[in-house]
Amino acid sequence: MQVEDIFQLGCKFSLEGRMDLAIELWKECVRLKPDYSLPYLNLSHAAKGRNDGQNYRNFLVKFLDCPITGQTVNIVNEVRKDIEDYDKKLAEANKPKDPPK
């Protein structure tokens with residue numbers, strides 16, 4: 001089975017609501033082919049859906065570290081903005097609160 005076939009099977013499982021299987025398949029994709037960007041993007045969405053912000057960001061960064069292809073060229077700027085928005089939100093959450101007056 002080709003890596004792309006494993007990726008598509010993960011997508012199928014995701015659409016069926018079988019996220020644990022989908023995630024395992026996408027992780028297998030990047031283990032076999034670390035510069036295959038699309039599994040990282042799907043893993044980031046899965047992490048966001050599970051409120052796992054750190055993995056969400058990490059997978060987006062790994063996506064950007066991959067070569068740009070015809071499939072990904074149109075979403076690179078969107079992913080950069082997602083990372084920027086996440087970092088801003090995290091900085092705001094970690095900002096010291098003003099004491100009550």
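Tyr56 and Tyr86 are both buried. In this predicted model, these two residues make a good place to start. Their rings form an aromatic pair with an edge-to-face arrangement, with 6.0 Å from centre to centre and 70° between the planes. Because Tyr56 belongs to helix α4 (residues 53-65) and Tyr86 to helix α5 (residues 76-94), the pair ties together parts that lie 30 residues apart in sequence.

The search for ring contacts covered the whole structure and returned three aromatic pairs. Another of these joins Phe7 and Trp26, whose geometry is tilted, at 6.5 Å centre to centre and 40° between the planes. Here too the contact links distant parts of the chain, with Phe7 in helix α1 (residues 3-15) and Trp26 in helix α2 (residues 19-32), 19 residues apart. Both partners are shielded from solvent: Phe7 counts as buried because its relative accessible area is 6%, under the 20% cut-off, and Trp26 is likewise buried because its value is 2%.

Phe7 and Trp26 also belong to a wider grouping, as they form one aromatic cluster together with Tyr36. Tyr36 has a charged neighbour as well: Lys33 lies over the face of the Tyr36 ring, at 5.3 Å from the ring centre.

Attention now returns to the two tyrosines, this time as part of a pocket. The largest pocket holds about 240 Å³ of space, and both Tyr56 and Tyr86 are among the residues that line it. The rest of the lining consists of Ala47, Lys48, Asn51, Asp52, Gly53, Asp82, Asp85 and Lys89. Helices α3 (37-49), α4 and α5 are the elements that each give two or more residues to this lining. The biggest contribution comes from α5, which provides four residues. Sorted by class, the lining has five charged, three nonpolar and two polar residues. The charged group includes Lys48, Asp52 and Lys89, while Tyr56 and Tyr86 count as nonpolar.

One further lining residue, Asn51, deserves a closer look for its backbone. Asn51 is found in the loop between α3 and α4. The phi angle of Asn51 is positive, about 55°, although this residue is not a glycine. In contrast to the buried Tyr56 and Tyr86, Asn51 counts as exposed because its relative accessibility of 73% is over the 50% cut-off. The pocket lining therefore includes an exposed loop residue, Asn51, as well as the buried pair Tyr56 and Tyr86.

Terms used. Residues are numbered from 1 along each chain as its sequence is written. This is a predicted model: local features need pLDDT of at least 70, side-chain atom pairs count only at pLDDT 80 or more; totals for chains, interfaces and linings use all residues. Side-chain values use heavy atoms; hydrogens and water are left out. Rings of Phe, Tyr and Trp (its six-membered ring) pair if their centres lie within 6.5 Å; planes under 30 degrees apart count as stacked, over 60 as edge-to-face and the rest as tilted. Buried means under 20% relative accessible area, exposed over 50%, partly exposed in between (1.4 Å probe, protein chains only). A charge sits over a ring if NZ of Lys or CZ of Arg is within 6 Å of the ring centre and within 35 degrees of the ring normal. On a 1 Å grid over the protein atoms alone, a cavity is a set of points where a 1.4 Å probe fits but cannot get out, and a pocket is an open set with protein on both sides within 12 Å along at least five of seven lines; lining residues have an atom within 4 Å of a point. Grid points are joined across faces, edges and corners, and a volume is the space filled by probe spheres set on the points.
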